[in-house]
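Please work through the exercises below with the sequence and the three-dimensional structure open beside you. Each one sets a task and then solves it step by step.

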Amino acid sequence: MEKTVKSLHVTSEIGKLERVLLHRPGKEIEHLIPSNMERLLFDDIPFLPTMQKEHDAFAAALQERGTEVVYLERLVEESILDEVVKGELIEAFLKESKNHLHKGYSILREYLDSLDTPSLVKKLMEGVLKKDINHHQKLQLDDLISAHYPFYIDPLPNLYFTRDAAAVIGEGLTIHKMSTSARKRESLFWEFIMKYHPNYRVHSHPQWLKRNYPFALEGGDILVLSDEVIAIGVSERTSARAIEQLAHNLLLAGTSYKRVMAVEIPKKRAFMHLDTVFTMVDRDKFTIHPEIEGLNGHMNIFILELDREKEVQISRRSNLSEALKEVLHLPEIALIPCGGGDTIFSPREQWNDGSNTLAIAPGVVITYDRNQVTNELLAEYGIEVIEVPSAELSRGRGGPRCMSMPLVRS
Ligand SMILES: NC(=O)NCCC[C@H](N)C(=O)O
């Protein structure tokens, strides 16, 4: 009998990964140039053909283990059911890239309207070049001043980090107000998928936090530790305000969720999300970048839960290990240090996402091949490590967990 898989269901970080959303890096990567690279959150310009080969190897590793891979581009295309939805998406993009204020707006709108659906979706991802549009005229002071800048609409080179724009928790999801203007438009796609995609709109998937909530939240900060508790990083990208509102909505919804554990991490680029320094690899094993722990393992951890009056109460903890044992009801846990905690290997491998593992089943993870010290250590702890090539993918500062958005885990 064929197994029926729900359209969204995630109550674990390590349960068998049944279905995952990826985005194969495309031309948006070739639209990185030295003058936009830093603003678009890249430290270098990756070589796309190699990057695509590496990404295909990542997808193949998932498929070989029985995970169904779904591509973002396809979901967006399938959501554009007619000309009205297409127009709505174009308008939203123009507005969010502030092009609705531009005198060339109607030419831009006409150009995007003229594209068929697959070309439009690609174009929105890759960015719109000034040279794409025949009738470009220097209409505004801004055009004259920025004549050398080749884009009307910037590319979205971070799209292959599908983890961050939205996150499935239980049978619902959060769609994020992303923290940087370089990435804000990415979560628009999810708004459209939930509104119009035939498979998603028909199911009743609650949105625990919507994209129009005014404070930032990104998926790399959300770890679904169990069917009772989620951990969220208070980070460079995720605000305490968004966490508190999400906790309020999730805990009051009457699901199995009872606790939200907010974990404060240093607000710096290398540690942009909680999953760049902390991931779950087995029922009782986690990776950690030792630098996030202060003296004697001290950290700022807050547990949010409902009291009898159904008000959210906050209590403080200071030790990650102890807090995890408490919320997961475990007698012992192991924190596996990235790079073995070595003064050289640890920061080097964290920089290339050594602690950013993707669990595809309990004790089975996908990692980047370049993080040799961390990978060997994981194996010593009894974890099965599936390595994928990473020379170019790693340049975007995200690893296998960042490059995947679990849709269904069992
Ligand atoms: N979850 C993650 O840590 N995602 C990696 C995002 C990297 C991307 N260049 C960014 O800065 O947002």
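The exercises that follow concern helix packing, two sheets and the surroundings of a ligand, all in a predicted model.

**Exercise 1. Describe how helix H4 packs against helix H9, and name the residues that meet.**

Step 1. Two packed helices are described by the angle between their axes and the distance between the axes. For H4 (residues 72–79) and H9 (residues 186–196), the angle is about 50° and the axes lie 9 Å apart.

Step 2. Angles of 65 to 115 degrees count as roughly perpendicular and those under 35 as roughly parallel, and because about 50° falls in neither range, H4 is oblique to H9. The crossing in which H4 passes H9 is left-handed.

Step 3. On the H4 side the contact consists of Leu72, Leu75, Val76 and Ser79, and these meet Phe189, Phe192, Ile193 and Tyr196 of H9. Sorted by class, the residues of this contact are seven nonpolar and one polar, with no charged residue.

**Exercise 2. Carry out the analysis for H4 and helix H7, and sort the residues of their contact by class.**

Step 1. H7 covers residues 117–126, and it packs with H4 at an angle of about 130°, the two axes being 10 Å apart.

Step 2. An angle counts as roughly antiparallel over 145 degrees and as roughly perpendicular from 65 to 115, and about 130° fits neither description, so H4 and H7 are oblique to each other. H4 passes H7 in a right-handed crossing.

Step 3. Glu73, Val76 and Glu77 of H4 make the contact with Thr117, Pro118 and Val121 of H7. The classes in the contact of H4 with H7 are three nonpolar, one polar and two charged residues.

**Exercise 3. Work out the strand order of the sheet that contains S1, and place H4 relative to that sheet.**

Step 1. The sheet is open and has three strands in the order S2-S1-S19, with mixed pairing. Its edge strands, each of which pairs on one side only, are S2 (68–71) and S19 (405–409). From one strand to the next, the twist averages 25°.

Step 2. Strand S1 (residues 17–22) runs antiparallel to S19, and four bridges join the two. Within this pairing, Leu21 stands opposite Met405 of S19.

Step 3. H4 packs on this sheet, where it touches S1 and S2, and its direction makes about 60° with that of S2.

**Exercise 4. Describe the sheet that contains S6, and state which strands H9 and H11 lie across.**

Step 1. Three strands in the order S5-S6-S7 form an open sheet whose pairing is mixed. S5 (166–169) and S7 (207–209) are the edge strands, each pairing on one side only. On average, neighbouring strands here are turned by 30° against each other, with direction ignored.

Step 2. S5 and S6 (residues 172–175) run antiparallel and are joined by four bridges, and Ile169 stands opposite Gly172 in S6.

Step 3. H9 lies across S5 and S6 and runs at about 145° to S6. Helix H11 (residues 240–251) lies across S5, S6 and S7, running at about 145° to S7.

**Exercise 5. Which residues come nearest to the ligand, and how does the shell around it divide by class?**

Step 1. There are 15 residues around the ligand, and those that come nearest are Leu41, Gly220, His273, Gly398 and Cys402.

Step 2. The residues of the shell divide into four nonpolar, six polar and five charged.

Terms used:
Residues numbered from 1 in each chain as written. Predicted model: local features only at pLDDT ≥ 70, side-chain atom pairs only at ≥ 80, totals over all residues. Axes fitted to C-alpha atoms, helices over the stretch in contact; angles between N-to-C directions. Left-handed = near helix turned anticlockwise from the far one by under 90°. Contact = placed C-beta atoms within 7 Å. Nonpolar A, V, L, I, M, F, W, Y, C, P; charged D, E, K, R; others polar. Pairing = 2+ DSSP bridges. Near = placed C-beta within 6 Å.
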